[in-house]
Each structure stands twice: as structure tokens, then as C-alpha cells.
Amino acid sequence: MTKVLEDVLEKVKRLPEDRQAYVAEVLGQIVAADGDLFVVPEEHRAGVLEGFQQAERGEFATDEQMAALWKKCGL
């Protein structure tokens with residue numbers, strides 16, 4: 001295991017259980033690809049690219065906005 005992966009996994013261990021479950025789901029999808037690169041599905045690509053652009057501009061959701069979203073999703 002690489003040092004970078006070890007470091008990331010240590011950080012993941014400190015996340016709340018729901019976030020750990022999400023990380024596990026994403027990693028599971030990557031592993032299921034059997035070594036192929038993970039490709040963002042076309043129907044999600046525009047949203048992912050917009051998110052990257054927002055991050056580059058320093059535009060992030062507030063804690064309050066995220067709490068409202070999680071509550072709306074029943075989480």
C-alpha cells in the first residue's frame with residue numbers, strides 16, 4: 001500500500017460513519033472496474049466539471065447549507 005493511500009485511509013477513519021460509507025461506495029466502484037480507470041458517467045460529467053470550477057473560484061457551500069441538504073435527504 002502506498003503512503004498516500006495509507007494517509008488518506010487514516011483521514012477517512014476519522015470521518016463520520018455516513019461519510020465513511022460514501023467513501024467505501026466510491027472505492028468499491030473503482031475496485032469493481034477491475035483496474036480500469038474510474039470514468040465519471042456522462043450524465044454526471046457537467047455537474048462534476050461545474051463543481052471543479054466552483055472550487056477553483058473558492059465557492060463552497062456553507063455548513064448551514066450542507067446541514068439543510070442532509071436534512072432534506074433524510075440523512
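In this predicted model, the helix α3 has a length that agrees with expectation. Its 15 residues should span 21 Å at 1.5 Å a residue. The end C-alpha atoms of α3 are 22 Å apart, so the two values agree. The helix runs from residue 42 to residue 56. Just after α3, Gly58 adopts a positive phi of about 80 degrees.

The helix α2 behaves in a comparable way. It covers residues 17-32 and holds 16 residues. From its first C-alpha to its last, α2 reaches 22 Å, close to the 22 Å expected at 1.5 Å a residue. A positive phi also follows this helix: just after α2, Asp34 takes a value of about 55 degrees.

Asp34 sits in the loop between α2 and α3. The relative accessible area of Asp34 is 69%, and the cut-off for exposed is over 50%, so Asp34 is exposed. Asp7 is 27 residues from Asp34 along the chain, and 23 Å separates their C-alpha atoms. A second loop residue, Arg14, lies between α1 (3-13) and α2. Arg14 has 63% relative accessibility and therefore counts as exposed too. The C-alpha atoms of Arg14 and Glu42 are 32 Å apart in space, with the two positions 28 residues apart in sequence numbering.

The chain as a whole contains 4 helices and 0 strands. Along the sequence the pattern is α-α-α-α. The radius of gyration is 15 Å, whereas a compact globule of 75 residues would have one near 11 Å. Taken along the principal axes, the C-alpha atoms fill a box of roughly 35 × 30 × 25 Å. Of the 75 residues, 1% are buried. The exposed area of the chain is about 6800 Å². Carbon and sulfur atoms supply 60% of that area.

Pockets were then examined. Rolling a probe the size of a water molecule over the atoms shows where empty space is left. The largest pocket has a volume of about 400 Å³. Its lining consists of 13 residues. Nearest the centre of this pocket lie Tyr22, Val26, Gln29, Phe38 and Val48. Both α2 and α3 supply at least two residues of the lining. The largest share, 8 residues, comes from α2. By class, the lining divides into 9 nonpolar, 2 polar and 2 charged residues.

The second largest pocket holds about 270 Å³ of space. Its lining is made up of Asp18, Arg19, Tyr22, Met66, Ala67, Leu69, Trp70 and Leu75. Two or more of these residues come from each of α2 and α4 (63-72). The most, 4 residues, come from α4. The lining of the second largest pocket comprises 6 nonpolar and 2 charged residues, with no polar ones. Tyr22 appears in the lining of the largest pocket and also in that of the second largest pocket. The helix α2 likewise contributes to the lining of the largest pocket and to that of the second largest.

Methods:
Residues are numbered from 1 along each chain as its sequence is written. This is a predicted model: local features need pLDDT of at least 70, side-chain atom pairs count only at pLDDT 80 or more; totals for chains, interfaces and linings use all residues. Side-chain values use heavy atoms; hydrogens and water are left out. On a 1 Å grid over the protein atoms alone, a cavity is a set of points where a 1.4 Å probe fits but cannot get out, and a pocket is an open set with protein on both sides within 12 Å along at least five of seven lines; lining residues have an atom within 4 Å of a point. Grid points are joined across faces, edges and corners, and a volume is the space filled by probe spheres set on the points. Ala, Val, Leu, Ile, Met, Phe, Trp, Tyr, Cys and Pro count as nonpolar, Asp, Glu, Lys and Arg as charged, and the others, Gly among them, as polar. The expected span of a helix is 1.5 Å times one less than its number of residues. The radius of gyration is taken over C-alpha atoms; the globule rule is 2.2 Å times the number of residues to the power 0.38. Buried means under 20% relative accessible area, exposed over 50%, partly exposed in between (1.4 Å probe, protein chains only). Accessible areas come from the Shrake-Rupley method with a 1.4 Å probe; for residues, only the protein chains shown count as cover.
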